[in-house]
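Trainee: I have a new structure to look at and would like some help reading it. Could we go through it together?

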Amino acid sequence: MNVIETKDVSKIYNPDTIPVYALNKVNLNFEKGEFTAIVGPSGSGKTTLLNVIGGLDDASNGSVMIDGSDILKLSGGKLIDFRLRHIGFVFQAYNLIPVLSAKENIEFIMLLQNWPTKKREDRTKEMLEAVGLKDKSGSKPSQLSGGQQQRVAVARALASKPRFVLADEPTANLDSKSAENLLDIMLKLNKEEHITFIFSTHDPRVIKRARRVITLEDGKVVSDIQQNTEQALARQ
Amino acid sequence: MKTLLKIAWRNIWRNTTRSLVVVISLAIGIWATVIILAVSDSLHMEALKDGIEYKYGHIQIQNPDFIKNEKLTITIPNGERILKEIRTDDEVKAATARTEVSGIIASAGNSSNVILIGILPGAEEKTTMLKSRLATGEYLSQKVRNPIILGERLAKKLNVKPGNKVVLGFEGKSGELISSTFRITGLYNATQTRDEEMLVYADLYDVTKLAGIEGQYNKIVIKLKEPEQLATYLAFLQSKFSQPDVLVQDWRQANPELELISDMIYQMDIIMTIIVLIALAFGIVNTMLMSILERYKELGILMAIGMNRRRVFTMIVVETTYLSILGGAVGMLIGFVTVSILSYNGINLSLFSEALSGWGFSDVVYPTLEPRVYVLITVLVILTAVLTSIYPAVKALMLKPNEAISKQN
Ligand SMILES: Nc1ncnc2c1ncn2[C@@H]1O[C@H](COP(=O)(O)OP(=O)(O)O)[C@@H](O)[C@H]1O
Ligand SMILES: [Mg+2]
């Protein structure tokens, strides 16, 4: 079953002067449990696509169906609530709330969702362990490395068990070792929790780990391939 | 909500310097307001006390025509009988009678416009504290003919001292000029410069005899045992004696200038408070806008991951509220301590006393402030802070998450 379905989604900037097609009739389906990379050169529309799917930006045309309802038709307040309940976000940087510790950051969305205390604390512990930061639970973001911060962000995005996680260049600011490590954790959680991951990247080593790679150019989907990650890794 | 409060609290300490600046300026604003209000309040009380204790008593009875024309001959019908009856009332501590006429005083070298007040020696001292103001010489001594007491300032102007003679001229019964020699027995000083220059006191019997209106009064002045009984006793007197030509009033009604002082002080208090509040409001708006601008990306991410508008708004208002409560508490505390110290030691305002005493204020004031004024100021300051935080908070709400996140610093 499709979790996300985009139909003829276009995003046009400056339609009246010099129109820029950030997205040009994008038709894509995403299924439950996918681990998908959106790739393409800078300016190809990766961020715009993730923002439109995540309800952070409207499309100029088309529809984005999530479980059969068009999120582009949701009003402001409902959209924020929808994001809170169903979508996990990881951004390139500045993901975490600086005044909260790693543990408090991971808890944050569950708190906004009013999870019962016991359930919330168990889940937080579980996620801290899953991203390998049990001993950093009380550290503030400023006391964590870039890689550790991104791992906390992934843990926070996943903690409340959203339907899917959108990550815009999550490894862009990381050295290759931290990037690999983050990918390992994302893959592990994708398998264990069956959560759909859609992330953008232009890092070849990250691309290799994806099971599906969608390539954008000038806002158009130019290729959409399934790849066997095991084989890809073996070839390395 | 608990998390929001926690985040807001920690947020204000991210930029300690800025938060401290806000807290300190709030504190200083409140402190200044407290001091200003305490001083003006005590000046006010002083002025009123001065009026009641030295001049007007609690209740005055006079002929309403006298208020309009201030003629010696416009007296209270049956004044003597009324005074006698009032003195027997339980509520009354003392009552006295006066005549009042404007005239000219002249010494060998100089002359001046004055108001000649005829008082009942014996009764006046029980009713007002006039006698306690005597600076040199004697009170209206019965040993001399036509005794009179002058203010020190007037004496200086006329170049006279106790023992000297002065000539007083004033209008008599049928418009004729009465002029007579009086002997200065003593000099007094007053808190109000104008009083010291204008008011001269003589024996009522001498004045009425000269004017040919023996046994008549222009004013009856009553001092009560308990000021709290003023309203009820006033009503009683009014129902008993009020007639077209007998007017019974309390000190406030009878002396509009006291009302004027009250109004003036009240307006000054309000203006001062408003100025302080406006200054605070500007400071707060500025600070909160800056703190929001710095956190643009962060707020974008908070909104992206699902913090709704209500929560973002609440967070910013709560941050401001924390700052204003801190500033309010500190300001109140130092304000309270300062007022306590001042009320013990007094503030010497003699530097400004020329200006102030013109309004009936004394040199040293002992400021005090009622607890409810402290509460009122605190509430006003916190209310101002919270209201002014609405603008920055609304600004924060208008940001679009995707634009805020992709914004370059
Ligand atoms: N706010 C905007 N106004 C105008 N053009 C924009 C705006 N945001 C993005 N674009 C354009 O849309 C295109 C796609 O941008 P983006 O989705 O950020 O690409 P990517 O993330 O792949 O680098 C680019 O050509 C970019 O210049
Ligand atoms: Mg991008």
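Trainee: How much area do chain A and chain B bury between them?

Mentor: Keep in mind that this is a predicted model. Chain A and chain B bury about 2100 Å² between them, and 67% of that is on carbon and sulfur atoms. On the chain A side, A:I80, A:Y94 and A:V99 supply 27% of the area buried against chain B, more than any other three residues.

Trainee: How many residues does each chain bring to the contact?

Mentor: Chain A gives 23 residues and chain B gives 22 residues.

Trainee: What about charges? How many salt bridges cross the interface of chain A and chain B?

Mentor: Start with the general idea: side chains of opposite charge can pair when their charged atoms come close. In this case the rule finds two salt bridges across the interface of chain A and chain B. One of them joins A:E104 to B:K6, with the closest N and O atoms 3.2 Å apart. The interface also has seven residue pairs in polar contact.

Trainee: Which elements of chain A give two or more residues to the side that touches chain B?

Mentor: Those are α2 (76–86) and α3 (102–112) of chain A. The largest share, five residues, comes from α3(A). Sorted by class, that side of chain A has 15 nonpolar, three polar and five charged residues.

Trainee: Let's leave the interface. How many salt bridges are there over all chains?

Mentor: A search of the whole structure finds 26. Take A:R212 and A:E34, which form a salt bridge with their closest N and O atoms 2.9 Å apart.

Trainee: Why does that pair tie together parts that are apart in sequence?

Mentor: Look at where the partners sit. A:R212 is in strand β9 (residues 212–217) of chain A, while A:E34 is in the loop between β2 (20–31) and β3 (35–39) of chain A, so the pair links parts that are 178 residues apart in sequence.

Trainee: And the ligand? Which residues are around ligand 1?

Mentor: Among them are A:V20, A:A22, A:P41, A:S44 and A:T47. For the polar details, check the atom distances. An oxygen atom of ligand 1 is 2.7 Å from a polar backbone atom of A:G43, and an oxygen atom of ligand 1 is 2.9 Å from a polar backbone atom of A:K46. With A:Y13 the side chain takes part: one of its N or O atoms is 3.4 Å from a nitrogen atom of ligand 1.

Trainee: Last one: which domains does the assignment give for chain B?

Mentor: Domain 1 covers 2–51 + 259–407, and domain 2 covers 64–245. Taken over C-alpha atoms, the centres of these two domains of chain B are 50 Å apart.

Note on methods: Residues numbered from 1 in each chain as written. Chains lettered and ligands numbered in written order. Predicted model: local features only at pLDDT ≥ 70, side-chain atom pairs only at ≥ 80, totals over all residues. Heavy atoms only, no water. Domains from an automatic or database assignment. Contact = heavy atoms within 4.5 Å. Buried area = accessible area lost by both parts, 1.4 Å probe. Salt bridge = Lys/Arg side-chain N within 4 Å of Asp/Glu carboxyl O. Polar contact = N/O pair within 3.5 Å; in protein donor to acceptor, adjacent residues only side chain to side chain. Helix = DSSP H or I, 4+ residues; strand = E, 2+ residues; numbered from the N terminus. Nonpolar A, V, L, I, M, F, W, Y, C, P; charged D, E, K, R; others polar. Near = heavy atom within 4 Å.
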